[in-house]
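Student: Please take one part of this model and go through it closely, residue by residue where that helps. Then set that part against the rest of the chain, in one connected account.

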Amino acid sequence: MSLVIRNLQRVIPIRRAPLRSKIEIVRRILGVQKFDLGIICVDNKNIRHINRIYRDRNVPTDVLSFPFHEVTATHGLCHLLGFTHSTEAEWLQMFQKEKAVLDELSRRTGTRLQPLTRDLFGG
């Protein structure tokens, strides 16, 4: 299945082709070629932010791993319904809708999901 690698940091140079090759080897060893996988490299500030949102730990960490599709699908569907976050007022409307959906999904599934744009305007 698919493997997506994004480098959103500039501290450590990352060569995608060798990384992709090694990850594909690991996937074969573990027998998980049938799963989609996304690897996003971020700096300490961003990983700390994500760690705080999803794990209540305000510290950077080396790896966070979770099924991200629920959050990104909810965010994307809100955009398809016309919500945006270009201004603080627009963001607040979208954030409230996204949070309500993710809170209900979390209640039903026993997870703890939060909108990714939680602190976009200091929220």
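Tutor: Start with helix α1. The 15 residues of α1 should span 21 Å at 1.5 Å a residue, and the end C-alpha atoms are 21 Å apart, so the expected and modelled spans agree. The expected figure multiplies 1.5 Å by one less than the number of residues, because that is how the span of a helix is defined here. The model is predicted, and every value in this account is computed from it. Helix α1 covers residues 16-30. After α1 comes glycine 31, which has a positive phi, near 70 degrees.

Within α1, take leucine 19. Leucine 19 has a relative accessible area of 27% and is therefore partly exposed; the class applies because the value lies between the 20% limit for buried and the 50% limit for exposed. Apart from residues up to four places away in sequence, leucine 19 touches Ile5 and Ile14. With isoleucine 5 the separation is 14 residues in sequence and 8.7 Å in space, C-alpha to C-alpha.

A second link toward this helix runs from strand β1, where arginine 6 is found. Arginine 6 and arginine 16 are ten residues apart in sequence, and their C-alpha atoms are 8.6 Å apart. Arginine 6 is partly exposed, at 45% relative accessibility. Beyond the neighbours within four places in sequence, arginine 6 is in contact with Ile39, Ile40 and Cys41.

The loop between β1 (3-7) and α1 holds glutamine 9. Glutamine 9 counts as buried, because its relative accessible area is 9%. The side chain of glutamine 9 makes a polar contact of 2.8 Å with the side chain of asparagine 7. Leaving aside neighbours within four places, glutamine 9 is in contact with Ile14, Cys41, Val42 and Asp43. Ile14 thus appears in the contact lists of both glutamine 9 and leucine 19, and Cys41 in those of both glutamine 9 and arginine 6.

Cysteine 41 itself is buried, at 18% relative accessibility. Cysteine 78 is buried too, at 3%. The structure holds zero disulfides.

Helix α2 (residues 44-55) can be put through the length check already applied to α1. Its twelve residues should span 16 Å at 1.5 Å a residue, and the end C-alpha atoms are 15 Å apart, which agrees. The buried residues of α2 are Ile47, His49, Asn51, Ile53 and Tyr54. Aspartate 56 follows α2 and has a positive phi, near 55 degrees.

Two of those buried residues lead out of the helix. The largest nonpolar core has five residues in all, and Ile53 and Tyr54 belong to it together with Val71, Leu102 and Leu113. In soluble globular proteins, nonpolar side chains tend to be buried together. From this core, leucine 113 touches Tyr54, Glu70, Val71, Leu102, Asp103, Leu105 and Ser106, not counting residues up to four places away in sequence.

Further along the chain, threonine 117 is placed in the segment after α4 (88-109). Threonine 117 counts as buried, at 11% relative accessibility. Outside the neighbours within four places in sequence, threonine 117 is in contact with His75, His85, Trp91, Phe95 and Glu98. Histidine 75 is 42 residues from threonine 117 along the chain, and their C-alpha atoms are separated by 9.1 Å.

As for the whole, the chain has four helices and two strands, running β-α-β-α-α-α from the N terminus on. The protein chain is divided into domain 1 (2-55) and domain 2 (68-109). The centres of the two domains, taken over C-alpha atoms, are 24 Å apart. The C-alpha trace spans about 45 × 30 × 30 Å along its principal axes. Of the 123 residues, 21% count as buried. Among contacts between residues at least 6 apart in sequence, 49% join residues at least 24 apart.

Conventions:
Residues are numbered from 1 along each chain as its sequence is written. This is a predicted model: local features need pLDDT of at least 70, side-chain atom pairs count only at pLDDT 80 or more; totals for chains, interfaces and linings use all residues. Side-chain values use heavy atoms; hydrogens and water are left out. Domain bounds come from an automatic or database domain assignment. Buried means under 20% relative accessible area, exposed over 50%, partly exposed in between (1.4 Å probe, protein chains only). Contact means heavy atoms within 4.5 Å. A polar contact is a pair of N or O atoms within 3.5 Å; within protein, one must be able to donate a hydrogen and the other to accept it, and residues adjacent in sequence count only if both atoms are side-chain atoms. A disulfide is a pair of cysteine sulfur atoms within 2.5 Å. A nonpolar core is a set of buried Ala, Val, Leu, Ile, Met, Phe, Trp, Tyr and Cys residues joined through side-chain atoms within 4.5 Å.
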